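Subject: Structure handover and notes on helix packing

Dear colleague,

I am passing on the structure below, followed by my notes on how some of its helices pack. Please read them alongside the coordinates.

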Amino acid sequence: MDFLNAIVALLNFVVIPATAYGAQLALGALGVTLIYGILRFSNFAHGDTMALGTGFVILFTWWFQSMGLHFGPLPTALIALPFGIVVTILFVLGTDRAVYRFYRQQKAAPVILVIVSMGVMFIMNGLTRFVIGVEEIRFDDGARFVINAGAFKAATGLAEGLAFKSTQALTILTAVVVVAALFLFLNRTRTGKSMRAFSDNEDLALLSGINPEKVVAVTWMISAGLAVIAGTLYGLDKSFKAFNYFQLLLPIFASAIVGGLGNPLGAIAGGFLIAFSEVGFTYAWKKVATYVLPESLAPEGLAQLLSTDYKFAVSFAILIVVLLFKPTGLFRGKSV
Amino acid sequence: MNTSNPYQDDRGNNDRSITREGGGDLPYPGKGGAAVPAPGGPFLAAENMTGGYGAADILHDCTLTVEKGQIAVIVGPNGAGKSTAMKAVFGMLNLRGGHVKLDGEDITALTPQDRVAKGMGFVPQTNNVFPSMSVEENLEMGAFIRKDDFRSTMEQVFDLFPILKDKRRQPAGELSGGQRQQVAVGRALMTQPKLLMLDEPTAGVSPIVMDELFDRIIEVARTGISILMVEQNARQALEIADRGYVLVQGANRYTDTGAALLADPEVRRTFLGG
């Protein structure tokens, strides 16, 4: 019985939250890795694209709620999501037209594009705060739980409760669908293949008649779409705070680099690796340890390796270790 | 890449976690001029080409012509401008003088991409495949500009290079050098070009594979496709050439049929090692 309790506690506090968080990071890292693979620079504005996109989704959610529109047990934000994606895509394509295209036509060195993306980041960052404010916003509605801790305890008779929030379930489900769709697109469609070809060998792609402007536009659209989905899921799961998304940039980049920049499969693996490490290092293992270990060995302290305030240090440390020992990432990336 | 443009100066950045190397050198399409009808003359006539990458000229009044279904080979010492001459024909070089005519049209003002649409196929010396994509996908990308059904062309390529059919699902980057060259040639053939340009197709492959590749190139020419080829292995290349050009310092030194050049004692002594 103790062993079952330990498993339930582990699921409840580590596996489920980390899986949901990992799915959010993976979606974010996929966008970063696509831009890196095809446009050849790290897009520092990605975190703020997430924030801005989520801001649009929240505005649409409020509007729908004010009209009395609801999505049953699912959050209203899910109806607002496609609208938010469309607005964000238009915004990002406008940015590309107004800012990035000039540098692309100049054949600017990628490092200049990195700095350009930082400028875009500051603008987006300011715009988000200006439009939706800096306060914490909770915009989830509908059913709170798929599995309720109290009901679980009553049903199983275990001492530990298992809570599975509907936003977590939604995150994992959406991530699976989106990732599957993305891989189908990249491997099966003509446009997807032309994007891979452009990423592989730009000159040869041009010689084959692939239109670079179309490839770039589609890349921005997919990346923006992924950013809004990831941002909205993160906001539903935790809460929306403009600054949080800026901070998410570090774990997202860590995920993309750990998996191997430019490799979509790596971005997903990296996302989950970073999420599980962050949660694992900052979780107080006392409860689980008390259940499985004999009483004499049970820890006296919290058995927490790092305070949750330091969770970003975990992704940073992993990032540095990977860059030192396997700079191409765990999966073969396009860097180096 | 020239660095006279300050936007192209990366200030020594080598951080691959924020930028990715290897962007293309080709200009993006849309800036070229239009083709002008210019009937008469050989199938491909690149005449009096003068120009280079920067201020200094590499090509001086260089002329290359190919008739339909013929093989023309450019040979010459290192640094003679052989590859540059071919790039000039393909529009990857700004010409200060001369013109390029293909099949009765003056295409001097066209971008490389537009020349592909006009029936030129170009196989660069290096980086001539999409390494992470399968052989089949490489061929598919070769046919990207075609809106019709290209499966029969793919079958023709597989007939020409049977090994590619066996390896169709394998990433091109995992193939041997010779097989990779076959993918590269196959990719260029997918547009059904009228003129196929090969920049040192046998660079870095074994002698057996080289003979094999030359045989295949003759087969391609027999289907009516003109071939313009730069070769380091001058003797073998001239043996299959209908027309040979010996370039020295960006200018034509000797021009004749392949057999005549091979028989010329002066050419033999100076360029073919006796």
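In what follows, an angle under 35 degrees between two axes counts as roughly parallel, and one from 65 to 115 degrees as roughly perpendicular. Please keep in mind that this is a predicted model.

The first pair to look at is helix α2 (residues 46–66) of chain A with helix α4 (residues 110–132) of chain A, which pack at an angle of about 25° with their axes 9 Å apart. α2(A) and α4(A) are therefore roughly parallel to each other, and α2(A) passes α4(A) in a left-handed crossing. On the α2(A) side the contact is made by A:Asp48, A:Thr49, A:Ala51, A:Leu52, A:Gly55 and A:Ile58, while α4(A) contributes A:Met121, A:Met124, A:Asn125, A:Leu127, A:Thr128, A:Val131 and A:Ile132. By class, this contact holds eight nonpolar, four polar and one charged residues.

The other pair is α2(A) with helix α9 (residues 212–237) of chain A, where the packing angle is about 70° and the axes lie 8 Å apart, which makes α2(A) roughly perpendicular to α9(A). Here α2(A) passes α9(A) in a right-handed crossing. The residues that meet are A:His46, A:Thr49, A:Met50, A:Ala51, A:Gly53, A:Thr54 and A:Val57 in α2(A), and A:Ala224, A:Ala227, A:Val228, A:Ala230, A:Gly231, A:Thr232 and A:Gly235 in α9(A). Sorted by class, the contact of α2(A) with α9(A) has seven nonpolar and seven polar residues, with no charged residues.

Best regards

How values were computed:
Residues are numbered from 1 along each chain as its sequence is written. Chains are lettered from A and ligands numbered from 1 in the order in which they are written. This is a predicted model: local features need pLDDT of at least 70, side-chain atom pairs count only at pLDDT 80 or more; totals for chains, interfaces and linings use all residues. Axes are lines fitted to C-alpha atoms, for helices over the stretch in contact, and angles run from 0 to 180 degrees between N-to-C directions. Helices (H or I, at least four residues) and strands (E, at least two) are DSSP runs, numbered from the N terminus. Angles under 35 degrees count as roughly parallel, over 145 as roughly antiparallel, 65 to 115 as roughly perpendicular and the rest as oblique. A crossing is left-handed if the near helix is turned anticlockwise from the far one by less than a right angle, and right-handed if clockwise. Two residues are in contact if their C-beta atoms, placed from the backbone, lie within 7 Å. Ala, Val, Leu, Ile, Met, Phe, Trp, Tyr, Cys and Pro count as nonpolar, Asp, Glu, Lys and Arg as charged, and the others, Gly among them, as polar.
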